[in-house]
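Me: I have a model open and I keep tripping over the labels people use. Can we go through them one by one?

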Amino acid sequence: MADVLMQEQVLPEVTHEDMANAIRALAMDAVQKADSGHPGMPMGMADVATVLFTRFLKFDAERPDWPDRDRFVLSAGHGSMLLYALMYLTGFKVMDIEQLKNFRQLGSRTPGHPENFVTEGIETTTGPLGQGLGNAVGMALAERLLHHRYGDEIVSHYTYAIAGDGCLMEGISHEAISLAGHLKLGRLIVLFDDNQISIDGPTSLSVSDDQLERFQASGWHTARADGHVPEAIALAIENARGVTDRPSLIACRTIIGYGAPSKAGTAATHGSPLGAEEISGARERLRWAHEAFYVPQTVLARWRSAGAAHRGDYETWNSAAKRLDASARAGLTDPIDADVAAKIKTAIEAIKSDFTAEAAKIATRQSSQKVLEKLVPVVPGLIGGSADLTGSNGTLTKLHIMVKPPEFAGNYIYYGVREHGMAAAMNGLALHGGFVPYGGTFLVFSDYCRPSIRLSALMGERVIYVMTHDSIGLGEDGPTHQPVEHLAALRAMPNLNVFRPADSVECAECWEVALFTPSTPSVLALSRQGLPLLRTAHSADNLSAKGGYVLFEPESGRDVTLIGTGSELMFAQEAAKALAGEGIKAAVVSMPCWELFETQNDEYQDAVLGSAPRVAIEAAVEFGWSKWLGRDGIFVGMHGFGASAPAQELYKHFGITADAVAAAARMLCRKGTK
């Protein structure tokens, strides 16, 4: 025992400076070895990160999926080595020293920007500046919503985000901070890396905002701290944690590339390796006399202790969580367990039966609202909203309760005119766990939230975008609001299911598929105008789940196949009836989701599309249709922007009619007989 005590007495004391410098050294070493990366931000924010991870952040490095952990979002994702260094130092199993040595290399767990689908323990994929800030708002909102449902013992954590000057310059930051302030998300704390340097040079070249006043105007608590004085940082965070009715911004004044002898405080450290000579000088200045990628065991032990500091908190939480029933515990992370899934299937079956019995002509946005009336009672984790288009989108039901502070008892969010902020927050809600978020806007405004939709797809998050007014069928609002290229643009995005249902039954089926696809986001492109029921015979099978199917098959083979989506499928059906009177046998194929149809085997695709010539009809541009039409197929649709007029007049004006489809079919049939 005496020997042990003697050994402990002679161990050098590990200081805050030692722990922060470990981050700096690993960051500059990894970037140098990769010959690529951003060393400046990790070196500048090392002190802030050290204080946060050793004194405040509630996490367990051995249990990165602990539902009640604090969330840490690196919105300034270019500084990814800050996060990777922290994960290695605190003991995340997926992050050993070899991963740091393989920074930015193919197959490593240390890609150029943090990717949660590559590396367990990373909360969200960041890099496009400001997205992480928007995600953090969604995560903080999810915490409050679940806290209301489960109480302090099960859900009580903070969301921290590190954001840079670039994050706060991006337009999404305004939407995110405004929404967070309005919702009074007191457990959201943003640490602003106020280094006053951007890629071009000093931020004074392009921006002169007072960020604290800006955040204060949106209802935030704000503070300043010297980002290199540990006690100042700690005091600011402690004070922010004490503010329960407002989110907090702490502007941490830092020096980018802190420790670099000639490049610190300059744009030269932002996005390039420091170089061997500068790194040598930094080691000397930081008093870090160790070889590349080496962290002394004493320093590493202190960091590993921080990674295990909340193990007791986890055990206390786990004991409480075990008292929950299985469904309630599952609901913390997965809002659709087997029990909820069975209820969804029953609800969809019921609404399909209702639609068939009623045979009403209604817009698919209204069909969607009727589907939601059935889903909301059986899916507690389904949380809706709209970007100030609630009535138009049909996203609100009689069963919804508005989300508002301080009780957060609701399940419907009024996002305001913040499409981008809405989409980023929905990603955060999904990433946090416990919710399937859906949000509404017009399809044309998918452009306003496309960066977040792309990240939904990249991360594989179940986020549902309800996008109505999907064509020239919206009528008089004109070409500014009529989407023509948007379906093609969204279909071009990998891992995104774009649904365009043709009637109420298909709408219900598309909702079912969207809910049962946990790793793919969905867009529901819905009509403003009323559409007739085309699926008049009730079927328990979800025909839309395969992306395309035969709506009508003529007897004794086909002369032509007519393919349609959404509101134009009815024209294909009308054309088929007219052609039948002329002795032309036309099959009608509905293709509500190209992406799902593409996953079907060749045998199924061939059976649906057939070998006869094909005509497609869609009130959108042709781009992408050649894959399904083949070389000789004819497309009936838009070839430019729309116009302002009643919908029926527009369809005639642009030649998107049953007559046009029939004429194209006749032309193909004549070619076939020559």
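Me: Let's start with helix α25, residues 602-609. Which of its residues are buried?

Reply: Q605, V608 and L609 are the buried ones in α25. Keep in mind that this is a predicted model.

Me: What makes people say that those buried residues line one face of the helix?

Reply: Look down the axis of α25: the buried residues fall within an arc of 85 degrees, so they line one face. There is a general reason behind this: an α-helix has 3.6 residues a turn, so residues three or four places apart point the same way.

Me: What is on the other side of α25, and what covers the buried residues?

Reply: E603, D606 and A607 sit on the other side, and they are exposed. The cover over the buried residues includes β14, β15, β16, α24, β17 and α26. Right after the helix comes G610, with a positive phi of about 70 degrees.

Me: You listed β17 there. Why is β17 called largely enclosed?

Reply: Buried means under 20% relative accessible area. Five of the five residues of β17 are buried, so the strand is largely enclosed by the rest of the structure. R614, A616 and E618 point one way, V615 and I617 the other way, and all are buried. That fits the general pattern: in a regular strand the side chains alternate between the two faces of the sheet.

Me: How do you know that β17 pairs with β15 and with β18?

Reply: Two strands pair if there are at least two bridges between them. β15 and β17 have four, in the parallel sense. Four bridges also join β17 to β18, again parallel, so both cases meet the cut-off of at least two. V615 is the bridge partner of L562, and in β18 the partner of V615 is I634.

Me: What makes strand β3, residues 188-194, count as mostly covered?

Reply: Seven of its seven residues are buried. L188, V190, F192 and D194 point one way, while I189, L191 and D193 point the other way.

Me: Which strands pair with β3, and over how many bridges?

Reply: β2 pairs with β3 in the parallel sense over six bridges, with T159 standing opposite L188. Six bridges also join β3 to β7, which runs parallel, and there I250 is the partner of L191.

Me: Why is L458 called partly exposed?

Reply: Exposed takes over 50% and buried under 20%, with partly exposed in between. L458 has a relative accessible area of 40%, so it is partly exposed. L458 lies in helix α20. Together with F117 and V118, L458 forms a nonpolar patch on the surface, with about 220 Å² of accessible area.

Me: Are D388 and N495 exposed or partly exposed?

Reply: D388 has 54%, which is over the 50% cut-off, so D388 is exposed. N495 has 35%, so N495 is partly exposed.

Me: What makes their phi angles worth a look?

Reply: In general, most residues other than glycine have a negative phi. D388 has a positive one, near 65 degrees, in the loop between β8 and α18. N495 has a positive phi near 55 degrees, in the loop between α21 and β12.

Me: Last one: how do you know that the bond between P405 and P406 is cis?

Reply: Its omega is about 0 degrees, and the bond is listed as cis. P406 lies in the loop between α18 and β9. In general, most peptide bonds are trans.

Technical notes: Residues are numbered from 1 along each chain as its sequence is written. This is a predicted model: local features need pLDDT of at least 70, side-chain atom pairs count only at pLDDT 80 or more; totals for chains, interfaces and linings use all residues. Side-chain values use heavy atoms; hydrogens and water are left out. Buried means under 20% relative accessible area, exposed over 50%, partly exposed in between (1.4 Å probe, protein chains only). Helices (H or I, at least four residues) and strands (E, at least two) are DSSP runs, numbered from the N terminus. Patches are made of residues with over 30% relative accessible area and no salt bridge: like charges are joined within 9 Å, nonpolar side chains (Val, Leu, Ile, Met, Phe, Trp, Tyr) within 5 Å. Accessible areas come from the Shrake-Rupley method with a 1.4 Å probe; for residues, only the protein chains shown count as cover. A salt bridge is a side-chain nitrogen of Lys or Arg within 4 Å of a carboxyl oxygen of Asp or Glu. The arc is that of the directions from the helix axis to the C-beta atoms. Contact means heavy atoms within 4.5 Å.
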